[in-house]
Amino acid sequence: MEFVWQVEDESVKLKTFLKGKGVSKKLLAKIKFHGGTMLVNDSVQNALHVVTPGDIVKIIIPDEGEHETLIPYDAPLEIVFEDEHLLVVNKPKDVASIPAQYHPVGTMAHRVKHYYNEQKYVNRIVHVVTRLDRDTTGLMLFAKHGFAHAMLDKQLQNKTLNKYYTALVSGKIDDLSEEGQIDLKIGRDMTSLIKRQVTEEGQEALTNYWLEKKTAEVAQVKIQLKTGRTHQIRVHFSGVGCPLLGDNLYGGNMDLGIDRQALHCTRLEFIHPFTHEPMILTQEIPEDMKQVMNQ
């Protein structure tokens, strides 16, 4: 895969210029030792070469091949957006994002691997950028090569890649403001291997929300996480007396027609790492959540 830039500002070493474009030391080493190339004005150069304004810099990154231990799984894949660098899909319920002890096959990663094979892509390593809990639905972002993954990871760290969710909650919904922030620390629940709880000994956790709709029993809220704690949305709304519908782990109502936590990733906002265009991708809530609100 090739990437091309023109030097505009000042004379610097090639490695310094490439660092400014997001090329890490690890990627430079991969280019140097695994079949890639660095060129300046179509001449092969090393990382210490000095580039000057007007020079055309090109890097050729070697193909990644594939991760042999990730077994392809043939199952439907709803693609929301795709180009040569990124893939965004709509994850269904009851599907884990990545392989784990209790979900060794059939995950979204396995499904994407099958899709890459079917398309005969040269890069078939699955790079998961944003993951979702098994029963959470909605937008999942994948990078189609390691360079894109590294660039998107920087946006996650800098909080310029934002995810928005929609949840259905019940309980003390009259206490919810039109717009608010939940600021409650989250830590492990020592009675469970997976459960978390609100506790003063926990880590800082901030959740912003906006009330979108409300019936006698259910509120539909838009959510943005300001921190990324395990089960944060589920723990926070349970902590304020408004657990998610269908979330039996955190006390959610199981009698309103939905049998999994009513949580959906509805919106992704980020800057495309190579075109630099603002990306806004949306996905409406699934049928099980719609039916609850329409009842």
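Just after helix α2, G35 takes a positive phi of about 95°, a local feature of what is a predicted model. The helix that precedes this glycine, α2 (residues 25-33), has L27, L28 and I31 as its buried residues. Seen down the axis of α2, these buried residues fall within an arc of 105°, so they line one face of the helix. On the other side of α2, K25, K26, K32 and F33 are exposed. The cover over the buried residues of α2 includes α1 (14-20), β3 (37-40), β6 (56-60) and α4.

A similar question can be put to helix α6: which residues of α6 (residues 287-294) are buried? They are D288, M289, V292 and M293, and they cover an arc of only 135° around the axis, which puts them on the same side of α6. An α-helix has 3.6 residues a turn, so residues three or four places apart point the same way. Among the elements that cover the buried residues of α6 are β11, β15 (206-214), β16 and β17 (263-271).

**Overall architecture and cores**

The protein holds 6 helices and 18 strands, and its C-alpha trace spans about 70 × 40 × 40 Å along the principal axes. Of the 295 residues in the protein, 47% are buried. Among contacts between residues at least 6 apart in sequence, 64% join residues at least 24 apart.

In soluble globular proteins, nonpolar side chains tend to be buried together. Here the largest nonpolar core has 64 residues, and those with the most contacts inside it are L18, F142, V169 and F237. Leaving aside neighbours within four places in sequence, V169 is in contact with L176, E217, V218, A219, V221, F237, C242, P243, L244 and L245. A second, separate core of 10 residues includes L168, V218, L256 and I258.

Helix α4 contains Q155, a residue that is buried, with a relative accessible area of 9%. Not counting residues up to four places away in sequence, Q155 touches T160, L161, F270, I271 and P273.

**Pocket and cavity**

Rolling a probe the size of a water molecule over the atoms shows where empty space is left. The largest pocket holds about 1,500 Å³ of space and is lined by 45 residues, of which R131, L132, D133, T230 and H231 lie nearest its centre. The elements that give two or more residues to this lining are α4 (146-158), β11 (162-169), β16 (219-225) and α5 (232-239).

The structure also holds 1 cavity of 30 Å³ or more. Which residues line the largest cavity? Its lining is made up of M1, F3, I61, P62, D63, E64, N123 and H145. The table sets out the volume and the lining classes of the largest pocket and the largest cavity.

| Space | Volume | Classes of lining residues |
|---|---|---|
| Largest pocket | about 1,500 Å³ | 16 nonpolar, 16 polar and 13 charged residues |
| Largest cavity | about 40 Å³ | 4 nonpolar, 2 polar and 2 charged residues |

Some elements recur in these descriptions. Helix α4 is among the elements covering the buried residues of α2, and α4 also gives two or more residues to the lining of the largest pocket. Strands β11 and β16 likewise contribute two or more residues to that lining, and both are included in what covers the buried residues of α6.

Conventions: Residues are numbered from 1 along each chain as its sequence is written. This is a predicted model: local features need pLDDT of at least 70, side-chain atom pairs count only at pLDDT 80 or more; totals for chains, interfaces and linings use all residues. Side-chain values use heavy atoms; hydrogens and water are left out. On a 1 Å grid over the protein atoms alone, a cavity is a set of points where a 1.4 Å probe fits but cannot get out, and a pocket is an open set with protein on both sides within 12 Å along at least five of seven lines; lining residues have an atom within 4 Å of a point. Grid points are joined across faces, edges and corners, and a volume is the space filled by probe spheres set on the points. Helices (H or I, at least four residues) and strands (E, at least two) are DSSP runs, numbered from the N terminus. Ala, Val, Leu, Ile, Met, Phe, Trp, Tyr, Cys and Pro count as nonpolar, Asp, Glu, Lys and Arg as charged, and the others, Gly among them, as polar. A nonpolar core is a set of buried Ala, Val, Leu, Ile, Met, Phe, Trp, Tyr and Cys residues joined through side-chain atoms within 4.5 Å. Buried means under 20% relative accessible area, exposed over 50%, partly exposed in between (1.4 Å probe, protein chains only). Contact means heavy atoms within 4.5 Å. The arc is that of the directions from the helix axis to the C-beta atoms.
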